[in-house]
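Trainee: I would like a close look at a single part of this protein, followed by a careful walk outward to the rest of the chain.

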Amino acid sequence: MIVVAGPASPMLSAKIADLLDAKLITPSFKTFPDGESYIRIDNPKTLKGETVVIVNTMYPDQNRRVIELLLMASIARDYDCDKLYTVVPYMAYARQDKRFLEGEAISLKVLAEIIGKVSDKVVTVDLHSPETISFFGKNATNVTAMNDIGNFLSENYSFKNPLVIGPDQGALEYAKTVANILGAEYSYCEKMRDRYTGEITMSVKDIDVKNRDVIIVDDIISTGGTVALASTNLRKMGATNIVACCTHALMVGEAEHKIISSGVSEILSTDTIECKYTRISVAKTIASEIRKL
Ligand code: R5P
């Protein structure tokens with residue numbers, strides 16, 4: 001087995017290769033002055049007859065990462081690999097998974113179909129809507145990072161009367177998984193808009209937040225608005241300490257400032273996007289999925 005480390009996932013690829021006892025290949029890559037991507041694999045004949053696992057996340061610069069992935073896949077095919085597995089730790093465009101307005105493209109479907117066609121198997125992590133894994137075709141699996149997040153928190157933190165919260169209803173399942181590992185309660189924030197002032201407030205259903213350590217969990221932190229709104233309201237409800245965890249830390253613009261100034265003491269993310277918030281690895285989860293194939 002050979003793991004090809006995409007330019008966006010060098011450390012995660014190395015960890016996966018190590019866990020699978022596979023050879024790690026790091027292609028050379030560059031961007032031409034006009035913006036086009038270039039990728040080359042040294043000694044490509046070593047790919048012949050091998051199971052090749054390409055790992056490339058799709059952020060930052062979603063569009064470039066898609067092209068890199070397709071170029072690497074084409075090299076593996078051209079040099080007669082046996083099987084081609086594609087790991088997309090963060091799948092970009094996953095939030096545009098339906099036509100919200102007439103005339104829109106279903107962006108996720110467009111990309112998923114292409115990636116599914118060039119791969120024998122696709123693995124994604126916490127795809128925004130897990131059921132859309134079907135867009136990739138039959139041979140695709142979406143794994144969750146929430147067990148890794150839960151285990152990390154349980155090994156490294158001692159929370160006081162912890163409560164795990166999804167910042168919206170969509171994150172309730174994530175909160176449940178993490179809470180079960182921590183032996184904690186869980187719930188989600190419900191948004192309410194004041195019809196006269198337009199002000200948005202949040203409440204947590206049937207659970208007292210006062211004097212508790214709160215762990216907010218979500219799949220994506222992008223602009224930070226969702227977590228910051230939840231945190232501001234949880235603080236008002238009396239939460240003592242708030243930690244924010246996510247699988248994919250896009251952290252666009254002023255996200256960090258927004259979140260920290262809303263009362264969050266720490267932001268933790270996984271290595272689906274390798275960045276300064278990365279504390280948790282999904283390598284074991286991905287490697288064990290690949291072992292099943
Ligand atoms: C939305 O449904 C997602 O799960 C995240 O809550 C959302 O993408 C976060 O975006 P932002 O950080 O921009 O509020």
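Is Ser37 buried or exposed, and what is its relative accessible area?

Mentor: Please bear in mind from the start that this is a predicted model. Ser37 has a relative accessible area of 18%, and because the limit for calling a residue buried is under 20%, Ser37 counts as buried. Ser37 belongs to strand 4, which covers residues 37–40. Leaving out residues up to four places away in sequence, Ser37 touches Lys30, Phe32, Arg64, Ile67, Glu68 and Leu71.

From Ser37 we can turn to the nonpolar interior. The largest nonpolar core has 36 residues, and within it Leu47, Val52, Ile54, Met58, Met91 and Phe136 touch the most other members. At least two residues of this core are supplied by each of strand 1 (2–5), strand 5 (51–55), helix 2 (62–78), strand 6 (83–88) and helix 3 (107–118). Helix 2 gives the largest share of this core, with six residues. Ile54 shows what such packing looks like for one residue: when residues up to four places away in sequence are not counted, Ile54 touches Val4, Leu69, Met72, Ala73, Leu84, Tyr85, Thr86 and Val87. Apart from this core lies another, of 24 residues, and Cys189, Ile216, Ala239 and Tyr277 are among them.

Three loop positions can be read in the manner of Ser37. Ser222 sits in the loop between strand 12 (213–221) and helix 6 (225–236), and with a relative accessible area of 17% Ser222 is buried. Beyond its neighbours up to four places away in sequence, Ser222 touches Arg95, Leu250, Met251, Val252 and Ala255. Leu250, one of these partners of Ser222, is itself in a loop, the one between strand 13 (241–249) and helix 7. The relative accessibility of Leu250 is 6%, so Leu250 also counts as buried. With residues up to four places away again left out, the contacts of Leu250 are Tyr59, Tyr90, Arg95, Ile220, Ile221, Ser222 and Ile273. Arg95 therefore appears in the contact lists of both Ser222 and Leu250. The C-alpha atoms of Leu250 and Gly224 are separated by 9.0 Å, although the two residues are 26 residues apart along the chain.

Gly263 lies in the loop between helix 7 (255–261) and strand 14 (266–270), and its relative accessible area of 17% makes Gly263 buried. Setting aside neighbours within four places in sequence, Gly263 is in contact with Ser231, Arg235 and Ile242. Gly263 and Lys236 are 27 residues apart in sequence, and their C-alpha atoms are 10.0 Å apart in space.

These details can be placed within the whole chain, whose secondary structure comes to eight helices and 15 strands. Of its 293 residues, 52% count as buried. Among contacts with a separation of 6 or more, 62% join residues 24 or more positions apart. A compact globule of 293 residues would have a radius of gyration near 19 Å, and the 20 Å of this chain agrees with that expectation. Along the principal axes, the C-alpha atoms fill a box of roughly 60 × 45 × 35 Å. The accessible surface comes to about 13800 Å², with 49% of it belonging to carbon and sulfur atoms. Finally, the chain carries 33 positive and 37 negative side chains, and the centres of the two sets lie 1 Å apart.

Key
Residues are numbered from 1 along each chain as its sequence is written. This is a predicted model: local features need pLDDT of at least 70, side-chain atom pairs count only at pLDDT 80 or more; totals for chains, interfaces and linings use all residues. Side-chain values use heavy atoms; hydrogens and water are left out. Helices (H or I, at least four residues) and strands (E, at least two) are DSSP runs, numbered from the N terminus. The radius of gyration is taken over C-alpha atoms; the globule rule is 2.2 Å times the number of residues to the power 0.38. Buried means under 20% relative accessible area, exposed over 50%, partly exposed in between (1.4 Å probe, protein chains only). Contact means heavy atoms within 4.5 Å. Accessible areas come from the Shrake-Rupley method with a 1.4 Å probe; for residues, only the protein chains shown count as cover. Lys and Arg count as positive and Asp and Glu as negative; His and the chain ends are not counted. The place of a charge is taken as NZ of Lys, CZ of Arg, CG of Asp or CD of Glu. A nonpolar core is a set of buried Ala, Val, Leu, Ile, Met, Phe, Trp, Tyr and Cys residues joined through side-chain atoms within 4.5 Å.
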